[in-house]
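Ready for a few warm-up exercises? Take a look at the chain below, try each task yourself, and then read the worked solution.

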Amino acid sequence: MKKQLLSLLFLVIVGNAFADEVTFDFSQGVPSSWTTSQTPAGVETADPARGTQFTANATLTLTGVSNVTKVVVTCSSNVAGKNTLALSVGGSTWGTETLSKESNVEKTFTGSAASGNLIINITRSEKSVWIKKVVVTGTVEGGSTGGGGDEDDSDELNPDYTYGEPTQLTVSGATCSNVAYSFVQNNIRVSATAGAKTETYFGCNAGGAITFTATKAIKAIVINGYVKKDFYAEVDNGDITFVDASEDYVEANPVVLIKDIDSKSVTIACEKQLRCYGVDVYFEANPDIEIDNAYTGGGGEEGEYSYEWEPTTKTTLNINFDSVEYEDYTTDLGYAYTAIFFANDDFEMEVGAYAESVDGTILAPGTYQITDTYAAGTVQASPGGDEYYDYPTYISTGFEQDADTGDWYYTTSYYVVSGTLTVDNSKMVLQGKTYNGSIVTATFAFDPAGIEEVSGSNVSGFKTRKFLQNGRVVIIKSGKTFNAIGQEIK
């Protein structure tokens, strides 16, 4: 009898594992069991929290489904009548939905029981399409309900682990392509915002980032691998060099070298694809290794930017702005970003919002947190400035005009590092705290006749802009995008 009960319990477990209704959560990224033809532009976690964002046509594929009769997709669009979702199962088309301008709506596709590959085709003409959730009625072997990651993502790091010198990393876990993933090997977590793992390499896609995390401060990382033509990268900790790939792709050992990290984690932000065949992680000292004819990428924030232009005396700034201009860079960058410029006679303020612009209120009504996460639906906290630029979000004052050239300059900056930007149908209000502790309340009231009277989406002064993308300097000039050393980003 006991044996029979165990068998019944086993059947219950198996029945639950292959439930009739399987939910895939896209709110944190593309689940590992799905593949995508197009790297997502980002993930929106702030209200309305629309999930994974696509700013180009994309095909999402889930393999190995059977007896599927219904699929419900929770999705959003920023424009009406321009973007569509089409769904097929096992080669049988179940229909196409034209999306309205709405958030987190359910689109239901049904058909006769079908098996094979489940495919969602996103056709994007303007602005963005988001996918938040997909619910499949049928059998999904190996189905995952999680977003972004793989079977090793839940592994914990052991704080008492003893690392070798160096500690070596190779390919680990299940293969994947064009998804966010992570795995743990030799007590080091490797995670990528979007990339691939094959039988021979792991890496990150162009425009993505890969992070190495340990429980002890890392000193250096040496990567044996491959980089695409025009590769460029920056790191949040340490000093990075990499091979010159200006003429063609390069395969080398090492292809990337990072020294003096002195942190438990390091993130490499890559303009072009990086493949890692093997990685040596050093904890005790920098290795005696150099890359000949190497490029030097961007280092961590410390020393890169400064808050020295902000007064150290705390003050309270209550500012009413009377004009605003903005520029939506979503098409240029491939992810949602809007630069907003406020002005009055005494102050100017630049806000960098990781969101697309909308008619009437510049940003969709809601509350946007000011953070340094670069996440969709947030406002960029200022990392400070350099001798040429200040970086959003900041306030400038103390204007002076050069007697010889007639150019205007400002002498004082306030760097907003926390707070919120609240938007409703009548006004925008920024409430924040600056690096040295000053308190800011900045308000702009929309003109009753409409925002078009005081702003433009192609303001002449915005033809050349320099700002941050995931911590990296990006320059947009004459419709083209460049990195900090002048390489065009395509």
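**Exercise 1: The whole chain**

What percentage of the 490 residues in the chain is buried?

*Solution.* Start with the ground rules. This is a predicted model, where local features need pLDDT of at least 70 and side-chain atom pairs count only at pLDDT 80 or more, while totals for chains, interfaces and linings use all residues. Residues are numbered from 1 along each chain as its sequence is written, and side-chain values use heavy atoms, with hydrogens and water left out.

Next, the term: buried means under 20% relative accessible area, exposed means over 50%, and partly exposed is in between (1.4 Å probe, protein chains only). By that yardstick, buried residues make up 49% of the 490 residues.

Now add the outline. The chain has two helices and 34 strands; these are DSSP runs numbered from the N terminus, with helices being H or I of at least four residues and strands being E of at least two. The chain exposes about 22000 Å², and carbon and sulfur atoms supply 45% of that. Areas like this come from the Shrake-Rupley method with a 1.4 Å probe, and for residues only the protein chains shown count as cover.

Last step: contacts, meaning heavy atoms within 4.5 Å. Among contacts between residues at least 6 apart in sequence, 65% join residues at least 24 apart.

**Exercise 2: Glutamate 348 and its company**

Find glutamate 348: which residues is it in contact with, leaving aside neighbours within four places in sequence?

*Solution.* First, locate glutamate 348 in strand E25, residues 347-353. Then check its cover: glutamate 348 counts as partly exposed because its relative accessibility is 39%. Its contacts are Phe321, Phe342, Ala343, Tyr394, Ile395, Ser396 and Phe399. For a distance, go to tyrosine 410: glutamate 348 is 62 residues from it in sequence and 9.6 Å from it in space, C-alpha to C-alpha.

**Exercise 3: Rings that pair up**

How many aromatic pairs does the count come to?

*Solution.* Begin with the rule: rings of Phe, Tyr and Trp (its six-membered ring) pair if their centres lie within 6.5 Å, and planes under 30 degrees apart count as stacked, over 60 as edge-to-face and the rest as tilted. That gives 18 aromatic pairs. One of them is stacked: tyrosine 181 and phenylalanine 183, at 6.5 Å centre to centre with 10° between the planes. Both partners can be checked for cover: tyrosine 181 is buried because its relative accessibility is 2%, and phenylalanine 183 is buried because its value is 0%. Elsewhere, ring pairs link Phe321, Phe342, Phe444 and Phe446 into a cluster.

**Exercise 4: Unusual backbone**

Which peptide bond, from glutamate 165 or from proline 392, has omega near 5°?

*Solution.* Here's the background: most residues other than glycine have a negative phi, and most peptide bonds are trans. The bond with omega near 5° runs from proline 392 to threonine 393 and is cis. Threonine 393 sits in the loop between strand E27 (379-380) and strand E28 (394-401). The bond from glutamate 165 to proline 166 is cis too, with omega near 0°, and proline 166 is in the loop between strand E9 (129-140) and strand E10 (167-169).

Then look at phi. Asparagine 104, in strand E8 (residues 102-123), has a positive phi near 55°. Lysine 127, in the loop between E8 and E9, has a positive phi of about 50°.

**Exercise 5: Hidden space**

Which residues line the largest cavity?

*Solution.* A cavity is a set of points, on a 1 Å grid over the protein atoms alone, where a 1.4 Å probe fits but cannot get out; lining residues have an atom within 4 Å of a point. Grid points are joined across faces, edges and corners, and a volume is the space filled by probe spheres set on the points. The count comes to three cavities of 30 Å³ or more, and the largest holds about 70 Å³. Its lining is Glu44, Asp47, Pro48, Arg50, Asn78, Ala355, Glu356, Val358, Ala364, Tyr368 and Gly377.

Notes. On a 1 Å grid over the protein atoms alone, a cavity is a set of points where a 1.4 Å probe fits but cannot get out, and a pocket is an open set with protein on both sides within 12 Å along at least five of seven lines; lining residues have an atom within 4 Å of a point.
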